[in-house]
Amino acid sequence: MIPWNEETKLILLIIVAAILLIAVFAFIIELFRGRNSGNVNIYLGKVSEKEEQKPVQKVQERVLLGLSVNTDNVKKEYTAGEEFCAEGLVVTAHYNLEPLTEEVTDYAIEPVDMAQVGMPVVVVKHAEKSVGFQITINPIVVEEQPEVIHIKQEPVVITEESYEGGKLRYNRSFTARYIQSDDEVKHWYTELKNNLLSYKKVKARMSWKRESFNYGREQFAKLSYRGNTLCLFLPLNAADFADTKYKVEDVSDNNNYAETPCMYRIKNARRVKYAIELIALASEKYDIPLTIREAEDFYVPYEGLVELINKGLIKRNIKSKEDEAFFNNNVEKTEEQPSEVEVAPGIIVKSENKNDKKDNSKKLVTTK
């Protein structure tokens with residue numbers, strides 16, 4: 001047994017103090033290590049944050065933003081049936097990076113219905129981008145024919161002549177009215193008829209009172225006379241043109257025009273132009289396209305009353321023997337009218353007397 005004395009106590013105290021000192025040093029060392037580790041973590045954390053905040057430089061891609069066209073040198077006025085021409089068209093591509101613009105030639109043009117009258121948009125495409133520009137397609141208009149000097153015969157004036165027994169009346173066919181109309185009216189008729197026949201599958205049929213233009217079994221248009229005025233009838237609603245430049249009339253109460261109740265009087269060259277525009281509107285009802293067709297000259301020279309009666313184009317309305325006698329007396333007193341023959345465009349040959357076979361040299365030749 002170790003004796004408990006002052007010396008022993010001192011040794012134990014030194015041992016405890018040494019242990020405590022070692023523990024304190026160990027704690028201090030551990031604490032120092034922990035602080036250093038924390039500082040390093042914080043520093044690394046700050047460095048990583050800075051690296052994350054540093055902007056990343058990316059290479060931008062050149063992107064097509066859109067297209068534009070220059071049509072200053074492009075044909076924009078066409079006639080129905082004419083082929084579209086893109087000559088002179090300049091297409092420019094626009095990008096987000098330099099160079100910002102670039103002219104392209106590998107573009108495509110969507111098909112355009114050139115037979116349909118109107119103002120369609122021509123669509124130009126390149127690399128999934130598109131741009132458009134407008135053109136105008138006009139209806140086919142018959143060119144004015146060269147002026148021909150026609151020698152007109154004086155008509156036999158016995159229409160509705162007054163006499164004791166009453167009046168003579170005549171039933172004139174559409175053809176007779178056309179033959180006896182002015183040359184200006186004949187020119188308007190030619191222009192309108194050529195335009196109507198320019199529509200695909202439209203056929204003309206002549207009857208006593210009028211000329212009909214049919215699309216299959218549908219009535220597309222009619223031409224007839226009201227007095228001495230040539231009139232156009234179309235399958236349109238006259239009320240739709242109220243307060244417009246088209247001064248049309250509603251004739252739906254007439255059974256002969258039930259399918260073409262819109263009447264337009266042809267009084268001048270301007271109305272011929274408007275009539276062609278109305279025909280184009282009527283074509284939309286049956287979706288009839290225009291076709292390319294060579295214009296015809298429908299001019300027929302003037303003929304007198306007696307000649308047309310003999311041809312069956314004018315009928316006499318004779319109700320009594322007095323009427324018959326009056327007509328026969330007038331015909332007997334009427335001198336034979338000179339005839340005319342158009343031998344070539346612009347050349348008319350007029351014979352002074354058809355029955356004069358002895359003197360063939362008496363002919364008048366009129367040229368333009």
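**Salt bridges, a surface patch and an open sheet**

Let me begin with the salt bridges, of which there are 7 when a side-chain nitrogen of Lys or Arg has to lie within 4 Å of a carboxyl oxygen of Asp or Glu. Please keep in mind throughout that what you have in front of you is a predicted model.

I will take three of these pairs in turn. In the pair of E110 and K125, the closest N and O atoms are 3.0 Å apart. This salt bridge links distant parts of the chain, since E110 sits in the loop between β5 (108-109) and β6 (121-126), while K125 belongs to strand β6, 15 residues apart. As for accessibility, E110 counts as partly exposed at 33% relative accessibility, and K125 is likewise partly exposed, at 40%.

The next pair is E277 with K245, whose side chains form a salt bridge at 3.3 Å, N to O. Here E277 is part of helix α4 (residues 269-286), whereas K245 is found in the loop between β15 (229-234) and β16 (249-250), so the salt bridge ties together parts that are 32 residues apart in sequence. Both ends are partly exposed, E277 with a relative accessible area of 22% and K245 with one of 41%.

The remaining pair I want to show is R293 and E296, where the closest N and O atoms are 2.4 Å apart. R293 is partly exposed with a relative accessible area of 23%, and E296 is partly exposed too, at 38%.

Let me turn to the surface. I11, L12, I15 and I19 make a nonpolar surface patch of about 360 Å². Among them, L12 lies in helix α1 (residues 6-53) and has a relative accessible area of 39%, so that this residue counts as partly exposed.

Finally, the sheet. Six strands form an open sheet with antiparallel pairing, in the order β12-β13-β14-β15-β17-β16. Which strands are at the edges? They are β12 (202-206) and β16, each of which pairs on one side only. In general, strands of a sheet pair through backbone hydrogen bonds, either parallel or antiparallel. In this sheet, β12 is joined to the antiparallel strand β13 (residues 210-215) by 5 bridges, and V202 stands opposite Y215 in β13.

Two helices lie across these strands. Helix α3 (residues 183-197) lies across β12, β13, β14 (218-226), β15 and β17 (262-266), and runs at about 135° to β12. Helix α4, which also carries E277 of the salt bridge with K245, lies across β13, β14, β15 and β17, running at about 155° to β17.

Conventions: Residues numbered from 1 in each chain as written. Predicted model: local features only at pLDDT ≥ 70, side-chain atom pairs only at ≥ 80, totals over all residues. Heavy atoms only, no water. Helix = DSSP H or I, 4+ residues; strand = E, 2+ residues; numbered from the N terminus. Buried < 20%, exposed > 50% of the residue type's maximum accessible area, 1.4 Å probe, protein only. Patch = residues over 30% accessible without salt bridge, like charges linked within 9 Å, V, L, I, M, F, W, Y side chains within 5 Å. Areas by Shrake-Rupley, 256 points an atom, 1.4 Å probe, with all protein chains shown as cover. Pairing = 2+ DSSP bridges. Contact = heavy atoms within 4.5 Å. Axes fitted to C-alpha atoms, helices over the stretch in contact; angles between N-to-C directions.
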